Amino acid sequence: TQKVVLITGCSSGIGLALATRIAKDEKKRFMGYATMRNVSKGEALVEAAGRSLGRTLEIKQLDVCDETSIRACVDSLPQRRVDVLISNAGMGLIGPIECQSLDEMKTVMDTNFFGLVRLLKEILPDMKRRKKGHVVVISSVMGIQGILFNDVYAASKFAVEGFCESLAVQALRFNLNISLIEPGPVITDFERKVYDEGLKTDLSNADAVTADMFTNIYLKNYKQIFETLGQTADDVAEHTLRIMTSDNPPFRHQTNTLYTPMTTLKYADPNGDLPIDTFYKMVFEHDKIFNASLNFLKLLRWRSRRSFALDKSN
Ligand code: NAD
């Protein structure tokens, strides 16, 4: 039997790539419901899905900020069954917090965090009853590590991770799986939208140092980071497919090995200073990056020696 997969935010980016990949699966293992807030923005998916539309893929309306639309969408599925939920819809926000309104910040939290909460309130009880289901959440490396001028976005992804980590314990009791996919930079509309909005930021509320940091350091390096580290949406879709078809899916999965050394810093230092100092040096003292990397290696060596010593004393 086919697995029923419901994906949110499919008009562009990772959602569009994943919905297309699922629809065109050679073994026809899936029945995909590609959802989007505004179905009139579905042309790209209609074109990409081609003949699979109406066979292994259907497009449905779903706004993660609207409980009624979530209920209507789930009610329209045969037996309301969802085997795999892919929570992908999301939005970014960059800039100094003194230049952002609370309403803008709340929209990010409402979409990225409460959007997931709303989906699970509707879908998780059915999964528990069936004792079957997999919740796959497109989080971010910013769900485990904050990044300069991404304060509220990172907070929204941290919220997602805390929520899922708590639920994952309960899920085990019902034989359900929860997985967080953590991409680094992905080249999608997201990146362009966030950058364009960033350029338009009214910096009059920021002091000169902050405004300069944002314009001349952050925005200047933004494109370069995506160009050197960026993955494609198809690549992230492939990773996600691998996780959702795995017999024993992991709770966390990072999709970009180029980025892993950065997230490792967090786990290497329980005090939490190492990633913060390293990011600082990367941004403000390029020449010191070498020393920072060296310190990191020293710390790793110290830790492995110490755990070796502890092992021996047992
Ligand atoms: P994207 O902007 O192309 O896709 C996001 C989609 O979510 C869009 O189609 C948008 O219309 C949809 N969306 C926004 N609000 C919605 C709502 N209320 N209801 C339904 N849909 C809504 O960008 P993307 O990169 O494909 O983003 C997908 C996910 O990947 C997001 O959760 C994002 O946080 C995450 N992510 C992106 C990157 C990146 O660098 N692009 C990196 C890590 C994680």
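## A tour that starts at Phe149

Phenylalanine 149 counts as buried because 22 C-beta neighbours lie inside 10 Å. The cut-offs for that word are simple: a residue is buried with 20 or more other C-beta atoms within 10 Å of its own, exposed with 12 or fewer, and partly exposed in between, with C-beta atoms placed from the backbone. Please keep in mind that this is a predicted model, in which local features need pLDDT of at least 70 and side-chain atom pairs count only at pLDDT 80 or more, while totals for chains, interfaces and linings use all residues. To find your way, count residues from 1 along each chain as its sequence is written.

**Stop 1: two positive phi angles**

Stay with phenylalanine 149 for a moment. This residue sits in the loop between β5 (134-138) and α5 (151-173). Helices here are DSSP runs of H or I with at least four residues, strands are runs of E with at least two, and both are numbered from the N terminus. The phi angle of phenylalanine 149 is near 65°, a positive value in a residue other than glycine. Most residues other than glycine have a negative phi.

Now select lysine 28, in the loop between α1 and β2 (30-36). Its phi is near 50°, again positive in a residue that is not glycine. Is lysine 28 buried or exposed? Lysine 28 is exposed, because 12 other C-beta atoms lie within 10 Å.

**Stop 2: the whole chain**

Zoom out and colour by secondary structure. You should find eleven helices and nine strands. Along the principal axes, the C-alpha atoms fill a box of roughly 60 × 60 × 35 Å. A compact globule of 314 residues would have a radius of gyration near 20 Å, and the 21 Å of this chain agrees with that. The radius is taken over C-alpha atoms, and the globule rule is 2.2 Å times the number of residues to the power 0.38. Of the 314 residues, 33% count as buried.

Next, colour by domain: domain 1 covers 3-258 and domain 2 covers 260-314, with bounds from an automatic or database domain assignment. Their C-alpha centres lie 30 Å apart. Seven residues from domain 1 and seven residues from domain 2 make the contact, where contact means C-beta atoms, placed from the backbone, within 7 Å. On the domain 1 side, four of these residues are nonpolar, three are polar and none is charged.

**Stop 3: the cores**

Select Ala19, Leu85 and Val137. Within the largest nonpolar core, which has 50 residues, these three touch the most other members. Helix α1 (residues 13-23) provides the largest share of this core, seven residues. A nonpolar core is a set of buried Ala, Val, Leu, Ile, Met, Phe, Trp, Tyr and Cys residues joined through C-beta atoms within 7 Å.

Which residues does leucine 85 touch, not counting residues up to four places away in sequence? They are Leu6, Leu119, Ile123, Val135 and Val136. Then select Ile94, Val141, Val152 and Tyr218, which are among the eleven residues of a second, separate core.

**Stop 4: the ligand**

Show the ligand and its shell of 29 residues, of which the closest are Gly9, Gly13, Ala89, Gly90 and Phe190. A residue is near the molecule if its C-beta atom, placed from the backbone, lies within 6 Å of it. Helices α1, α4 (102-130) and α6 (189-200) each supply at least two shell residues, and α6 gives the most, with four. By class, the shell has twelve nonpolar, twelve polar and five charged residues. Here Ala, Val, Leu, Ile, Met, Phe, Trp, Tyr, Cys and Pro count as nonpolar, Asp, Glu, Lys and Arg as charged, and the others, Gly among them, as polar.

**Stop 5: helices α8 and α2**

Select helix α8 (residues 233-244), where you will find aspartate 234. Aspartate 234 is partly exposed, because 15 other C-beta atoms lie within 10 Å. Methionine 244 is in α8 too, and with 23 C-beta neighbours inside 10 Å this methionine counts as buried. Leaving out residues up to four places away in sequence, methionine 244 touches Val84, His134 and Val136. Measure from methionine 244 to serine 179, C-alpha to C-alpha: the two are 65 residues apart in sequence and 8.4 Å apart in space.

Finish at alanine 48 in helix α2 (residues 43-49). Setting aside neighbours within four places in sequence, alanine 48 is in contact with Leu16 and Thr20.

Key: Two residues are in contact if their C-beta atoms, placed from the backbone, lie within 7 Å.
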